[in-house]
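Colleague: Could you take me through one part of this model at close range? I would like to start from a single residue and see what lies around it.

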Amino acid sequence: MLVTGKTLGQWLLLAIFGVVVYLCLRMIEPFLMPIFLALILSTLLDPIYEALARRMGSRKTLASLGVCLGLTVAIVLPVLFLSISLAREANDTYQNLRDPETVKKFAAWLDPAGNPILKRIETWLPGALRFENFDIGTQLGSQAQRIGVAALAVAATFATGAFNFLMDYFIMLVVLFFLLRDSAYFAKGVRWISPLSDRQEDLFVERFRVVTKATVLGTLVTALVQGILSGMIFLVLGLRDPILWGALTALLSLVPVIGSASVWVPWTLYLLAVGSYGPALTFFLSQVVVVGGIDNFLRPKLIEGRVGMHTLVVFFSILGGIGYFGILGMFIGPLVFAMVIAFLEFYIESAPGSDNSP
């Protein structure tokens, strides 16, 4: 191939373009998650925005601003309430663990001589695993204040995370505002550079909307139901702050692996420590069977039925998404799988011998 000055200029221009694109991607990389979250929310909130815009006489700016303000009230106020309540509960925990009487109660409960349950369990254990060999009561007494300080440290970490959340939320809110107001402009730009046909574009967009609504609404509805049921269990058993602990159950149910167990396991141990064996057993069984069962039954039904993917595919998409993207991976994972399935459908349709092949 003959290399001319024009050819070198084209290669140089292409190299400069590649460097500029790389720099743009690196600069925008810290904001990719808020942008993607704004894209998901714009898909969910678009019907509300359209209805609000019609009522406001097609004032798109005001309608988009109204949706963003409404979302802020719905999210920030509960987060602020939970932050204040969690800080108060952490301080109460710290004060209780400093109380020698509380330490004595826990130590007495962990003493096989005074606890018939532990005494019976000890008869099943080998000689090297006797409870007195571990001296749990003494260890608990020496570590009580350290545990209380750790509880305060968790509250401080939560406060730092809340600040980072507000910063990401502000960026997401700005992106959401423009995605709602200028959706036609962005859709036109994407269609202009898209190599897909109009039918494939419509199918791809529809698949994105269906999967987004199914995963987000399915996950949030499941968390809400778990929180309500957990709060009712706290209320029926006469435990304190049922609204707070129900809200924390709903929030922590979004956390992979531990989920709502991070609420009911400590409470079960606490009820056993204070000698409330009946309420402890009732609380444990109701949380495991009712609250835990909702997560295993409702979430797959809400997601699988709308997405059109097998339960096993949904399971691995959520699990893999969380492992790679973090907590938001429970939404991103199924979207990625759905996009792959859509592209496979496009390939099969365009393959030679298929009904839709050219």
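In which helix is the place of Gln-226?

Modeller: Happy to. This is a predicted model, so please keep in mind that local features need pLDDT of at least 70 and side-chain atom pairs count only at pLDDT 80 or more, while totals for chains, interfaces and linings use all residues. Residues are numbered from 1 along each chain as its sequence is written, and side-chain values use heavy atoms, with hydrogens and water left out.

Gln-226 sits in helix H9. Helices here are DSSP runs of H or I with at least four residues, strands are E runs of at least two, and both are numbered from the N terminus. Gln-226 has 2% relative accessibility and therefore counts as buried (under 20% relative accessible area, with exposed meaning over 50% and partly exposed in between, for a 1.4 Å probe and protein chains only). Leaving aside residues up to four places away in sequence, Gln-226 touches Thr-249, Ser-253, Ser-260, Val-291, Ile-294, Asp-295 and Arg-299; a contact means heavy atoms within 4.5 Å.

Thr-249, one of those partners, leads us to a helix pair. Helix H10 (residues 242-252) and helix H11 (residues 261-273) pack at an angle of about 135 degrees, with their axes 8 Å apart. The axes are lines fitted to C-alpha atoms, for helices over the stretch in contact, and angles run from 0 to 180 degrees between N-to-C directions. H10 and H11 are therefore oblique to each other (under 35 degrees is roughly parallel, over 145 roughly antiparallel, 65 to 115 roughly perpendicular, and the rest oblique). H10 brings Trp-245, Leu-248, Thr-249 and Leu-252 to the contact, and H11 brings Ser-262, Val-263 and Trp-267. By class, that makes 5 nonpolar, 2 polar and no charged residues; Ala, Val, Leu, Ile, Met, Phe, Trp, Tyr, Cys and Pro count as nonpolar, Asp, Glu, Lys and Arg as charged, and the others, Gly among them, as polar.

Helix H9 (198-236) also helps to line the second largest pocket, where H2 (32-55), H7 (136-181), H8 (183-193), H9 and H14 (329-350) each supply at least two residues. The volume of this pocket is about 1,100 Å³. A pocket is an open set of points on a 1 Å grid over the protein atoms alone where a 1.4 Å probe fits, with protein on both sides within 12 Å along at least five of seven lines, and lining residues have an atom within 4 Å of a point. Of the 28 lining residues, Leu-39, Ala-187, Val-190, Val-205 and Phe-208 are the closest to the centre. H2 gives the largest share of the lining, 8 residues. The lining divides into 19 nonpolar, 4 polar and 5 charged residues.

Two residues on these helices round off the picture. Ala-342 belongs to helix H14, and its 1% relative accessibility is why it counts as buried. Ala-342 touches Phe-204 and Arg-207, not counting residues up to four places away in sequence. Ala-342 and Phe-204 are 138 residues apart in sequence, yet 6.6 Å apart from C-alpha to C-alpha. Leu-37 lies in helix H2 and, with a relative accessible area of 26%, is partly exposed.

As for the wider setting, the protein chain has 14 helices and 0 strands, and 30% of its 358 residues count as buried.

Definitions and conventions:
Grid points are joined across faces, edges and corners, and a volume is the space filled by probe spheres set on the points.
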